[in-house]
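Reader: I should like to learn how the features of a protein model are read. May we go through them one by one?

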Amino acid sequence: MSPAKFAVAAVAMSISLTAFGAGTHGGGHGHSAKSGEPGKASEASRSITVEMYDNYYEPEIIEVKPGETVRFVVQNKGQLVHEFNIGTPDMHEAHQKEMRMMVEHGAIQGGKLNHDMMEMDMGNGQSMNHDDPNSVLLEPGDSQEVIWTFSGKGNIEFACNVPGHYQAGMYGEVNFN
Amino acid sequence: MKKTLVAGTLGLLLPAIGFAGEYNLTVDRVEIDTGEFVKQGVGYNRKSPGPVLRFKEGEEVSINVTNNLDEMTSIHWHGLILPFEQDGVPGISFPGIKPGETFTYKFPITQSGTYWFHSHSGFQEPEGAFGSIIIEPEGREPFRYDREYVVQLTDKHPHSSDRVMRNLKVTPDYYNRKQQTLGEFFSDASENGFLNTVKARLAWGGMRMMQADVEDLQGFTGMINGKSPKQNWTGLFEPGERIRLRFINSSAMTYFDIRIPGLEMTVVQADGNNVQPVNVDEFRIGVAETYDVIVRPKDEQAYTIFAESMGRSGYARATLAPEEGMEAPVPGLREPARLTMADMGGMPGMEHGDMGSANEMAEMPDMDHSNMKGMDHSTMMMSEGGASDPFYAKGSGLVPTAANGGKFLSYADLKAQKPLYEEREPAREIELRLTGNMERYTWSINGVKYEDADPIRLKYGERVRFKFVNETMMTHPMHLHGMWSILDVGAGQWNPIKHTVSVQPGTTVYMETEVDAPGQWAFHCHLTYHMAAGMFRKVIVEGGPESTQAASSEQPSEVGGDV
């Protein structure tokens, strides 16, 4: 990865941090640089469809090359809200606290997202908008894309951080080869 | 030769039914050693608890049960959906199994999850006649784990169950060591005023209940997988693994509050049915309930599984560790919960004018206890810390709180992972008042004990709504055989599906049942001595597909002639 690209990624992540209000969470997303950066569709070498069920992914293992840009087509085929989030286990753990807040405030209700609640001002200009570029949060039946450039080797998982889901095993491995 | 050929052909004709498994169980007298006392008991395959039976969804099981006792026995497959003749309740499903006899149970496995089995004859179950059942699903499960353990709890009492029952009948508070003392009376009096205290005591007396009746059987040793706290059952793990713990409460009388200090638990199943995962620090398991949790110990250290009885009179303890012999600290017992006036909110004939309503009691302003040294805060007429749970009376003294101040599981958190039935309006409501007279140790439903009661009649194909009104001061785990109990937690189609529903004192709980199993079934409080005292009903399901019962016995002659 070129230094310039890295800088862009870092800026993108920090913007998203502010928007999401993760500043209070001890820098969970601060490790983001390890997992990669948002990619451009034009650079995507291939497309991988990831189906989300209650509460697991298909597939549960994906193979990528360091530096590869992948277009993920993420489809929620379950009956509950699920997330597809690329990050390290530490990042996921930090994000789980935010997701718990979303559930406690009614932004995630079983099979529904309460968008009004997600946009509500939580103070300090923070909201529960779930708009990090490394993730999508989908209602049943919805589909969205994540284009991601993997930086290199590391302990990277894709995970659903809706409370209880990651703990119950809704994660997948990213293997570098 | 010809017979073999026919049998072979038959085998080819029936692959759609799935594979068949044969299992053998013997019912034996066993010795149970708690490390504190040794006791004669009943077990399966010469052990108590008996074996873990592993079935697969879709399997046709045959289970040969040989009775080596000198009395009748039976096995009930707790939570399994099966033809009523296979349900194992003497006098309702079948006559029972005579001494020396082998009875073969045969039924299809139509579900998956964690269940258990136990004798439904006399007091054999509290004497140790139980084991566990694990059913693997046909498809994948909605969660993942690297290893699993059954964690089967019981409350082993040094007295024989017959003796316990006799003692309870003669002196209902025989095993209640936590009765309020004269000293507490005076501390109550100094705090609440003499007259109020006398009035409160009179009210408790009038209800024929004692205020410390959270548990009517104390003095037991809590056991996990047949091991006492001293004997310390240990499950091994490698750090980072996800472990599925299948908790089963096979106690005669004891509810346990379970925690594993240092580990968050993700509840993924209740009573064998998958629930939307909930992260908790602690949960309460009612008698006969099961909860499956997933834990992920990341550190190379031991963790204590601590199961404290609801009344804090005893505990069970086990360990998760990377190696045999490692231990973690064992917490002390917390202060016992005490029932409050709110817990008797459901009592009929209460003089609310004199006492103040349950809610008023609950809202009583807190007092400054700082200058009352030695005061037992748990005798306060409100739950400490104002904890609330919609499944406990408002102001109840029984509302559980997590030892670490974190999340304690509530029934309200249980949501079905995948609804089993379409939601629809129930055809009718059946009210079941849970009633009893503590002073005479009689327990009943709608004031009538089993031997004097008419059966509850349901119609095949209907959906009924049961309304439980607990008019006693004790928690009753109500267990309907043969059909699911859809617990109303206010989640509509996501209401969880259970086989045992706990009804707390002073509360009303609703559950619905799709009447989809013909025949006759048992419906009772699963506290051994309450069931024996008469808190029990027979349920008769009228109508149903006429072919269901005849078909299975006719099939062989249709297909194979003389086979």
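Author: Let us begin with a bridge between two strands. In this predicted model, B:Asn24 has B:Asn64, in E4(B), as its bridge partner.

Reader: In which sense do strand E1 and strand E4 of chain B pair, and over how many bridges?

Author: A pairing is described by its direction and its bridges. Strand E1 (residues 20-33) and strand E4 (residues 60-67) of chain B are parallel, and 8 bridges hold the pairing.

Reader: What is the order of the strands in the open sheet of chain B that has 4 strands?

Author: A sheet is read strand by strand, from one edge to the other. Here the order is E2-E1-E4-E6 (chain B), and the pairing is mixed. Strand E2 (38-44) and strand E6 (102-108) of chain B are at the edges; each has a single partner strand, so one side of each lacks a neighbour in the sheet. From one strand to the next, the twist averages 20°.

Reader: Which strands of chain A make up its open sheet of 5 strands, and in what order?

Author: The order is E4-E12-E11-E6-E9 (chain A), again read across the sheet, with mixed pairing. The edges are formed by E4 and strand E9 (135-138) of chain A, each with a single partner strand, so one side of each is left without a neighbour in the sheet. The twist in this sheet averages 20° from one strand to the next.

Reader: How many bridges join strand E4 of chain A to strand E12 of chain A?

Author: There are 4 bridges between strand E4 (residues 61-64) and strand E12 (residues 171-176) of chain A, and the two strands run parallel. In one of these strands, E12(A), A:Glu173 is the bridge partner of A:Ile61. Strand E11 (residues 157-159) of chain A is joined to E12(A) by 3 bridges and runs antiparallel to it. A:Ala159 has A:Tyr171 as its bridge partner in E12(A). Further along the order, strand E6 (residues 82-87) of chain A and E9(A) make an antiparallel pair with 4 bridges, and A:Phe84 is matched there with A:Val136 of E9(A).

Reader: Which helix lies across E6, E9 and E11 of chain A?

Author: A helix packed on a sheet is described by the strands it crosses and by its angle to one of them. Helix H2 (residues 89-104) of chain A lies across these strands and runs at about 150° to E6(A).

Reader: How many salt bridges does the rule count over all chains, and what does a single one tie together?

Author: The count over all chains is 38 salt bridges. One of them pairs A:Arg71 with A:Glu145, whose closest N and O atoms are 2.8 Å apart. A:Arg71 belongs to strand E5 (residues 69-76) and A:Glu145 to strand E10 (residues 143-149) of chain A, so this pair ties together parts that lie 74 residues apart in sequence.

Reader: How many residues does each chain bring to the contact between chain B and chain A?

Author: An interface is read through its residues, its area and its polar pairs. Chain B contributes 19 residues to the contact and chain A contributes 17 residues. The buried area is about 1500 Å², with 41% of it from carbon and sulfur atoms. Of the area that chain B buries against chain A, B:Arg140, B:Arg144 and B:Arg242 supply 38%, more than any other three residues.

Reader: How many salt bridges, and how many residue pairs in polar contact, are found between the two chains?

Author: There are 3 salt bridges between chain B and chain A. One of the salt bridges joins the side chains of B:Arg140 and A:Glu60, at 2.9 Å from N to O. The polar contacts across the interface amount to 10 residue pairs, both residues being at pLDDT 80 or more. On the side of chain B that touches chain A, strand E14 (265-270) and strand E15 (273-280) of chain B each supply at least two residues. E15(B) gives the most to that side, with 3 residues. By type, the residues of this side of chain B are 7 nonpolar, 4 polar and 8 charged.

Reader: Where are cis peptide bonds found, and what is omega there?

Author: Omega describes the peptide bond itself. One cis bond joins A:Asp54 and A:Asn55, with omega about -10°; A:Asn55 is in the loop between strand E2 (46-53) and strand E3 (56-58) of chain A. Another cis bond joins B:Ser48 and B:Pro49, with omega about -5°, and B:Pro49 is in the loop between E2 and strand E3 (52-56) of chain B.

Methods
Residues are numbered from 1 along each chain as its sequence is written. Chains are lettered from A and ligands numbered from 1 in the order in which they are written. This is a predicted model: local features need pLDDT of at least 70, side-chain atom pairs count only at pLDDT 80 or more; totals for chains, interfaces and linings use all residues. Side-chain values use heavy atoms; hydrogens and water are left out. Contact means heavy atoms within 4.5 Å. Buried area is the accessible area (1.4 Å probe) that two parts lose on being put together, summed over both. A salt bridge is a side-chain nitrogen of Lys or Arg within 4 Å of a carboxyl oxygen of Asp or Glu. A polar contact is a pair of N or O atoms within 3.5 Å; within protein, one must be able to donate a hydrogen and the other to accept it, and residues adjacent in sequence count only if both atoms are side-chain atoms. Ala, Val, Leu, Ile, Met, Phe, Trp, Tyr, Cys and Pro count as nonpolar, Asp, Glu, Lys and Arg as charged, and the others, Gly among them, as polar. Two strands pair if DSSP finds at least two bridges between them. Axes are lines fitted to C-alpha atoms, for helices over the stretch in contact, and angles run from 0 to 180 degrees between N-to-C directions.
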